[in-house]
Amino acid sequence: MGLSPKSGIAGTGVVAIIDSGRPGPVVALRADMDALPIEEQTGLPFAAKAQTTVDGKKISAMHACGHDMHMAMLLGAAQWLSTHRQHFRGQVKLLFQPAEEGLPNTSSGAERMVADGVLDHPKVDAMFGLHVGITPARSGQLSWRSNGIMAAGDSFNIEIKGRQTHGALPWQGNDPIVIAAQTVLALQTIVSRNIDLTRAPAVISVGAIHAGQRGNVIPESVQMNGTIRTFDPAMRQQILQRVRDTAKYIAQASNAEAVVTFDPGYPINWNDPALVQQMAGTLKRVARNGFDENVSASPTSEDFAYYTQRVPSLFFFLGVNGKASSDAQGAWFANHSPRFNPDEEALTTGVEALTQLAVDYLNAKKN
Ligand SMILES: [Zn+2]
Ligand SMILES: [Zn+2]
C-alpha cells in the first residue's frame, strides 16, 4: 500500500503511517489483533481450528471478541486512505495492537505500544478506535458517549488461610471453604448496600475459586479471584477498601486469615467530550443503520484506555448482531461466547467510520 518508511514495530505491535505529503495534524486509528483461548462452536465452515500452547498446555484459539473484524476494517480504511492521499492533509498512523485481552503478569499491548513511543514521532493529535458488539444495537448501528464509555477493571485475589483436617472432624481444623462461601455472599453486598448507585454503576464478581482435592478432606486454604468494574475514581477506591475489609474481617470472625491482593487493570476508557462533539456529525453521517450518541457505558474494559490517558480520543461501538447472532429464543451469543457469530455486513460501516473520522479530523483542524 505504499506505507511510509517510518512505519515499523512498537511493543510487538505493527505501526503503519500513511503520509499525505502535505503538512497537517496526525491522527491515529487502532485495531487490536488478539484472539481468546476458546474453542469455537459456531459450526461455520471457516470456524477457527487454531491451537496454541500456553504454559505447556494446548489450547484452542478463537476470535471470540471480533478483533479479526477490527483488523479487517482497519485494513479497509488503510486501503482507501493510502490510495486517496489527495483527499486529506497530515498523516494517519495505523496501530495494529496485540494483547488487548491481557495475559497474567504482563502489561497489555496498548501499554507496551505507548511505552515504545507509538503516540510520538510524529506526535498523535487525536485517536480513534472501535469495538464490535452483539448488543441490542442493530447491525451497522454506531454508538458512543462522552466521558467514560468503558469501565476500569481491577482484579482481586483473596487467599483464605484455615487449617486442614478430616472432613468428618471439622472441629479439629478451621474450614476455609465455609469462610469463602460467606465472603462471596458478603462481597455482593458492597455494590448493593455501600455504593451510591445513582452516581455511577459498579460490578464485583468472583470468577474463580480453587480449594481442596477430596470430599473427606477440609483443605488448608482457598484461593478466590474476581474482578471489579468502576466508572468513577473515588468509587473505585471505596470498593477496593470494602473488598479488603470484608474478606479480612469475615476471616477474622472465624479465627482465620484472609490475604487480599489487587492487580490494577485497565483504566477508564475515556472519550474526550470536545472531540466527541467535533466528530459526532461524521459518525451520524456514516451510520447506515442508526446511531446512539448517548449509549450506556459498558462494564467491560479495554486497553484503548491507555491511549485516552495521553491523547484526546474517541472510542465507539459498532453493532454486529445478525440473524445467526442469537439462539432460537433470541438470547445473544455475546462477545467471548464460543458461538459468537457477528454479522459481516456491518464491516463496511466500520471501514467508513474509521476512514471518515480520519479524513474529517485532518481536514478540519487548523494548526
Ligand atoms: Zn474481549
Ligand atoms: Zn475485544
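**Two zinc ions and their surroundings**

Colleague: Why is H67 called buried?

Modeller: H67 has a relative accessible area of 0%. Buried means under 20%, so H67 meets the definition. Do keep in mind that this is a predicted model.

Colleague: What about H131, and how do you know whether it is buried or exposed?

Modeller: The relative accessibility of H131 is 7%. That falls under the 20% cut-off, therefore H131 counts as buried too.

Colleague: What makes H67 and H131 donors of the zinc ion (ligand 2)?

Modeller: The NE2 atoms of H67 and H131, together with the SG of C65, coordinate the zinc ion (ligand 2) at 2.0 to 2.4 Å. A donor is an N, O or S atom within 2.8 Å of the metal, so these atoms qualify. Along the chain, the donors have the spacing C-x1-H-x63-H. H67 belongs to helix 1 (residues 67-83) and H131 to strand 7 (residues 126-133), which means the pair ties together parts 64 residues apart in sequence.

Colleague: Which residues does H131 contact, leaving aside its neighbours within four places in sequence?

Modeller: H131 is in contact with C65, H67, H70, E302, F315, F316, F317, L318 and N335. Contact here means heavy atoms within 4.5 Å.

Colleague: Which protein donors hold the zinc ion (ligand 1)?

Modeller: They are C65 through SG, E101 through OE and H336 through NE2, at 2.0 to 2.2 Å from the ion. These distances are within the 2.8 Å limit for donors. The spacing along the chain is C-x35-E-x234-H. C65 and H336 link distant parts of the chain, 271 residues apart: C65 sits in the loop between strand 5 (57-60) and helix 1, and H336 in the loop between strand 18 (313-319) and helix 7 (347-364).

Colleague: How far apart are the zinc ion (ligand 1) and the zinc ion (ligand 2), and which residue coordinates both?

Modeller: They are 3.1 Å apart, and the residue that coordinates both is C65.

Colleague: Why is C65 called buried, and why is H336 called partly exposed?

Modeller: C65 has a relative accessible area of 8%, and H336 has 37%. Under 20% is buried, over 50% is exposed, and values in between are partly exposed. C65 is therefore buried, and H336 is partly exposed.

Colleague: What is notable about the phi of H336?

Modeller: H336 has a positive phi of about 80°, although it is not a glycine. Most residues other than glycine have a negative phi. N147 also has a positive phi, of about 65°, and is not a glycine. N147 lies in strand 9 (residues 147-150). At 34% relative accessibility, N147 is between the cut-offs of 20% and 50%, so it counts as partly exposed.

Colleague: Where is there a peptide bond that is cis?

Modeller: The bond from H121 to P122 is cis, with omega near -5°. P122 is in the loop between helix 2 (109-115) and strand 7. Most peptide bonds are trans.

Colleague: At what angle do helix 3 and helix 4 cross, and what is the handedness?

Modeller: The axes of helix 3 (residues 176-194) and helix 4 (residues 233-253) come within 9 Å and cross at roughly 150°. The crossing is right-handed. On the helix 3 side, the contact includes I179, L187 and I190. On the helix 4 side, V243, A247 and I250 are among the residues involved. The contact residues divide into nine nonpolar, five polar and one charged.

Colleague: Which stretches make up the two domains, and how many residues of each are in contact?

Modeller: The domain assignment gives 8-150 + 268-364 as domain 1 and 152-263 as domain 2. Seven residues of domain 1 are in contact with eight of domain 2. The C-alpha centres of the two domains lie 34 Å apart.

Colleague: One last residue: why does H84 count as partly exposed?

Modeller: H84 has 22% relative accessibility. That value lies between 20% and 50%, so the term partly exposed applies. H84 is in the loop between helix 1 and strand 6 (91-97). H84 and S20 are 64 residues apart in sequence, and 8.6 Å apart in space from C-alpha to C-alpha.

Terms used:
Residues are numbered from 1 along each chain as its sequence is written. Chains are lettered from A and ligands numbered from 1 in the order in which they are written. This is a predicted model: local features need pLDDT of at least 70, side-chain atom pairs count only at pLDDT 80 or more; totals for chains, interfaces and linings use all residues. Side-chain values use heavy atoms; hydrogens and water are left out. Axes are lines fitted to C-alpha atoms, for helices over the stretch in contact, and angles run from 0 to 180 degrees between N-to-C directions. Helices (H or I, at least four residues) and strands (E, at least two) are DSSP runs, numbered from the N terminus. A crossing is left-handed if the near helix is turned anticlockwise from the far one by less than a right angle, and right-handed if clockwise. Ala, Val, Leu, Ile, Met, Phe, Trp, Tyr, Cys and Pro count as nonpolar, Asp, Glu, Lys and Arg as charged, and the others, Gly among them, as polar. Donors are N, O and S atoms within 2.8 Å of the metal (3.2 Å for Na, K and Ca); water is not among the atoms, so sites may look incomplete. Buried means under 20% relative accessible area, exposed over 50%, partly exposed in between (1.4 Å probe, protein chains only). Domain bounds come from an automatic or database domain assignment.
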